[in-house]
Amino acid sequence: MVNLAQLSEQLESPQLKDRLLALVALREVAPAEAFPLLKKALGDESLQIRSMAVFGLGVKPTPECFPLLVNLLEGDPDYGIRADAAGALGYLQDERAVEPLIHALYEDTEWLVRFSAAVSLGNLGDVRAYDVLIQALDAPEPVIQQAVIAALGEIGAVAAVERLLTFVQSEDWLVRQRLAEALGNLPSPKTRAALHYLAKDYYPQVRTAANYSLSRLAD
């Protein structure tokens, strides 16, 4: 049986290891009981502790988690915490998260936050994200392009196929792999031709993804 009072004390230990172990122990605690301690850990001086607490809010959801995560996403001075909050909002599977995530993808200046927002928008699978994802394809960072391509596949954005096919010859093989994976969710007249092209890619990971998508489209 986990002793919550003891864990609360442990979160005040001067030793980082003790505080980390207290957060790990919260995995065995029900969300409603874990929430006060996770909220407490958000004020820790250690970014590692704060990051773990944010993750905990995503995987142990209570009604209080959503507004808290949105506040972190929109206002925390540390971009790592904002990125963690974006990721946690994707875990919540709450459709209210779409708007704050869209704003983060539009407005945040740090690529890591925008990356996490794109991934979470894909996890939520909401078509309201379509316009911002299409715009984000123009991001200069290949890692953002990878996340956005995957997200467009996850929301079933068939209308994006024409735009996505401009990445068939991307210099970044991970972009081509994400494209091959995404196209498996986007049946259209041009999808199969693109996948047959990607199935001959130099990189085996791209070929495997393309062949798998082709088999899915054949089902």
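## Notebook: a predicted all-helix model

**Gly 153 and its surroundings.** I began with Gly 153 and, leaving aside its neighbours within four places in sequence, I found it in contact with Ala 182, Asn 185 and Leu 186. The model I am reading is a predicted one, and I keep that in mind for every value below. Gly 153 is found in helix 10, which covers residues 142–154. I then looked up whether Gly 153 is buried or exposed. Gly 153 is buried, with a relative accessible area of 2%, and I note that the cut-off for buried is under 20%. I also took the separation between the C-alpha atoms of Gly 153 and Gly 125, which comes to 9.0 Å for two residues that are 28 residues apart along the chain.

**Overall layout.** I counted the elements next, and the protein has 14 helices and zero strands. Along the principal axes, the C-alpha atoms of the protein fill a box of roughly 60 × 35 × 30 Å. Of the 219 residues in the protein, 49% are buried. For contacts with a separation of 6 or more, I find that 62% are accounted for by residues 24 or more positions apart.

**Helix 2.** Which residues of helix 2 are buried? In this helix, residues 16–25, I list Arg 19, Leu 20, Ala 22 and Leu 23 as buried. Viewed down the axis of helix 2, these buried residues fall within an arc of 155 degrees, so they line one face of the helix. I looked up what covers them, and the cover includes helix 1 (4–10), helix 3 (31–41) and helix 4 (47–59).

**The largest pocket.** I noted that about 170 Å³ of space lies in the largest pocket. Leu 23, listed above as buried in helix 2, is one of the lining residues, and among the others are Leu 26, Arg 27, Leu 38, Met 52, Phe 55 and Lys 60. Helix 4 supplies the largest share of this lining, five residues. Sorted by class, the lining has seven nonpolar, one polar and two charged residues.

**Helix 5 and the nonpolar core.** In helix 5, residues 65–75, I find Cys 65, Phe 66, Leu 68, Leu 69, Val 70, Leu 72 and Leu 73 buried. What covers these residues includes helix 3, helix 4, helix 6, helix 7 and helix 8 (111–124). In soluble globular proteins, nonpolar side chains tend to be buried together. The largest nonpolar core here has 77 residues, and those with the most contacts inside it are Leu 69, Leu 89, Leu 101, Leu 121, Leu 133 and Leu 152. I followed one of these, Leu 89, and, not counting residues up to four places away in sequence, Leu 89 touches Phe 66, Leu 69, Val 70, Leu 73, Ala 97, Leu 101 and Leu 124.

**Gln 93.** Where is Gln 93 placed? I located it in the loop between helix 6 (79–92) and helix 7 (98–107). Its phi is near 55 degrees, a positive value in a residue other than glycine, and I flagged this entry for its sign. Most residues other than glycine have a negative phi. Not counting residues up to four places away in sequence, Gln 93 touches Asn 123 and Leu 124, and Leu 124 is also in the list of residues that Leu 89 touches. Last, I took the C-alpha to C-alpha distance from Gln 93 to Gln 10, which is 31 Å, with their positions 83 residues apart in sequence.

Technical notes: Residues numbered from 1 in each chain as written. Predicted model: local features only at pLDDT ≥ 70, side-chain atom pairs only at ≥ 80, totals over all residues. Heavy atoms only, no water. Buried < 20%, exposed > 50% of the residue type's maximum accessible area, 1.4 Å probe, protein only. Helix = DSSP H or I, 4+ residues; strand = E, 2+ residues; numbered from the N terminus. Arc of directions from axis to C-beta. Contact = heavy atoms within 4.5 Å. 1 Å grid on protein atoms, 1.4 Å probe; cavity = no way out; pocket = protein on both sides within 12 Å on 5 of 7 lines; lining within 4 Å. Points joined across faces, edges and corners; volume = space filled by probe spheres on them. Nonpolar A, V, L, I, M, F, W, Y, C, P; charged D, E, K, R; others polar. Core = buried A, V, L, I, M, F, W, Y, C linked by side-chain atoms within 4.5 Å.
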